[in-house]
Amino acid sequence: MGEIDKRNHLDETPFSYRVNKDKTIFLEYYGKQVKILKGKEAEKFLRKVTEAENEKDVQLVMAKITGNFKRGNEREAKSKGKDHKTK
């Protein structure tokens, strides 16, 4: 896990989820709803969360599903792209 969350953002537990009575899952990032899971996608999510060893692993599952997990290289990639376009 140490190599995945190098800046320890998941320690802040930014993600949360709610399950309603028809098994629809609402994923939230800092209290704002960012994704809704239904059907097989919701079942797969619940299985992964249940199998997670600790809260940080649960956070990582939610981060990956929402696509809201930065890798730390975005700024570098953008600047390389700009340099490449100007040449």
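Okay, a definition to start: two strands count as paired here if DSSP finds at least two bridges between them. Keep that in mind while we go through the sheet. And one caveat up front, this is a predicted model.

So, first pair. β1 and β2, with β2 covering residues 25–29, are joined by 5 bridges and run antiparallel. If you want a spot to look at, take Tyr17: its bridge partner in β2 is Leu27.

Next pair. β2 and β3 are also linked through 5 bridges, again in the antiparallel sense. Here you can look at Glu28, which sits opposite Gln33 in β3. These two strands make a hairpin with 2 residues between them, and in that hairpin Tyr30 has a positive phi, near 50°.

Put that together and you get an open sheet of 3 strands, ordered β1-β2-β3, with antiparallel pairing. Which strands stand at the edges? That would be β1, residues 15–19, and β3, residues 32–37. Each has a single partner strand, so one side of each is left without a neighbour in the sheet. As for twist, neighbouring strands are turned against each other by 25° on average, if you ignore direction.

Now, the helices. Going from the N terminus, the order of elements is β-β-β-α-α-α, so to speak a strand half and a helix half, with 3 of each kind in the chain. What lies across the sheet strands? Helix α2, residues 55–66, lies across β1, β2 and β3, and its direction is at about 85° to β1.

Let me stop at one residue in another helix. Glu41 belongs to α1, which spans residues 39–51. Is Glu41 buried, exposed or partly exposed? Its relative accessibility is 42%, and partly exposed covers the range between 20% and 50%, so partly exposed is the label Glu41 gets. Glu41 can also be placed relative to Thr24: the two are 17 residues apart along the chain, and their C-alpha atoms are separated by 9.7 Å.

Last bit, some numbers for the whole chain. There are 87 residues, and 24% of them are buried. The chain exposes about 6900 Å², with carbon and sulfur atoms supplying 48% of that. And if you take the contacts with a separation of 6 or more, 43% of them are between residues 24 or more positions apart.

Definitions and conventions:
Residues are numbered from 1 along each chain as its sequence is written. This is a predicted model: local features need pLDDT of at least 70, side-chain atom pairs count only at pLDDT 80 or more; totals for chains, interfaces and linings use all residues. Side-chain values use heavy atoms; hydrogens and water are left out. Helices (H or I, at least four residues) and strands (E, at least two) are DSSP runs, numbered from the N terminus. Axes are lines fitted to C-alpha atoms, for helices over the stretch in contact, and angles run from 0 to 180 degrees between N-to-C directions. Contact means heavy atoms within 4.5 Å. Buried means under 20% relative accessible area, exposed over 50%, partly exposed in between (1.4 Å probe, protein chains only). Accessible areas come from the Shrake-Rupley method with a 1.4 Å probe; for residues, only the protein chains shown count as cover.
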